[in-house]
Amino acid sequence: MKTINGIVIGLLLGLSAGLWMGVNIGRDVPLSSNPFKEPTVSDRLSDKAGRLYNDAKEAINEQLK
């Protein structure tokens, strides 16, 4: 019985840690951050602006080659 309890507890802890990290990977945030915290509008805006800047920079570099 002790072995079954250990396995069940291990599975529950593993599933919760995996879910925690999986949500953070999907949102592209650090693994240790809170997955339940919704990103603010300014966070989303700055992230999109950074992506737009990088895409534009790469397009310009491709055109200059």
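**Exercise 1. Place Leu31 in the chain and decide whether it is buried or exposed, or something in between.**

Step 1. Leu31 sits in the loop that joins α1 (2-27) to α2. Helices here are DSSP runs of H or I with at least four residues, strands are runs of E with at least two, and both are numbered from the N terminus.

Step 2. The relative accessible area of Leu31 is 40%, so Leu31 is partly exposed. The classes are buried for under 20% relative accessible area, exposed for over 50%, and partly exposed in between, with a 1.4 Å probe and protein chains only.

A word on what you are looking at: this is a predicted model, in which local features need pLDDT of at least 70 and side-chain atom pairs count only at pLDDT 80 or more, while totals for chains, interfaces and linings use all residues. Residues are numbered from 1 along each chain as its sequence is written, and side-chain values use heavy atoms, with hydrogens and water left out.

**Exercise 2. Find the nonpolar surface patch that includes Leu31.**

Step 1. Start with the rule: patch residues have over 30% relative accessible area and no salt bridge; like charges are joined within 9 Å, and nonpolar side chains (Val, Leu, Ile, Met, Phe, Trp, Tyr) within 5 Å.

Step 2. Leu31 joins Trp20, Met21, Ile25 and Phe36 in such a patch. Together these residues have about 540 Å² of accessible area, computed by the Shrake-Rupley method with a 1.4 Å probe, where for residues only the protein chains shown count as cover.

Step 3. Look at two of the members: Trp20 is partly exposed at 34%, whereas Phe36 is exposed at 69%.

**Exercise 3. Work out how many aromatic pairs there are, and describe the geometry.**

Step 1. Rings of Phe, Tyr and Trp (its six-membered ring) pair if their centres lie within 6.5 Å; planes under 30 degrees apart are stacked, over 60 edge-to-face, and the rest tilted.

Step 2. This rule gives one aromatic pair. The partners are Trp20 and Phe36, with 6.3 Å centre to centre and 85° between the planes, which is edge-to-face.

Step 3. Trp20 belongs to helix α1 and Phe36 to the loop between α1 and α2, so the pair ties together parts 16 residues apart in sequence.

**Exercise 4. List the salt bridges and say what each one connects.**

Step 1. A salt bridge needs a side-chain nitrogen of Lys or Arg within 4 Å of a carboxyl oxygen of Asp or Glu. The structure holds two salt bridges.

Step 2. One links Glu38 to Arg27, with the closest N and O atoms 3.7 Å apart. Because Glu38 lies in the loop between α1 and α2 and Arg27 in helix α1, this pair ties together parts that are eleven residues apart in sequence. Glu38 is exposed at 54%, and Arg27 is partly exposed at 37%.

Step 3. Arg51 and Asp47 form a salt bridge too, with a closest N and O distance of 3.1 Å. Arg51 and Asp47 are four residues apart in helix α2, so about one helical turn separates them. An α-helix has 3.6 residues a turn, so residues three or four places apart point the same way. Arg51 is partly exposed at 46%, as is Asp47 at 37%.

**Exercise 5. Check the span of α1 and inspect the residue just after it.**

Step 1. The expected span of a helix is 1.5 Å times one less than its number of residues. With 26 residues, α1 reaches 38 Å from its first C-alpha to its last, close to the expected 38 Å.

Step 2. Just after α1 comes Asp28, with a positive phi of about 60°, although Asp28 is not a glycine. Most residues other than glycine have a negative phi. Asp28 is in the loop between α1 and α2 and is exposed at 62%.

**Exercise 6. Compare the whole chain with a compact globule.**

Step 1. The protein chain has two helices and zero strands.

Step 2. Take the radius of gyration over C-alpha atoms, with a globule rule of 2.2 Å times the number of residues to the power 0.38. A compact globule of 65 residues would come out near 11 Å, but this chain has 20 Å.

Step 3. The C-alpha trace spans about 70 × 30 × 10 Å along its principal axes, and 3% of the 65 residues count as buried.
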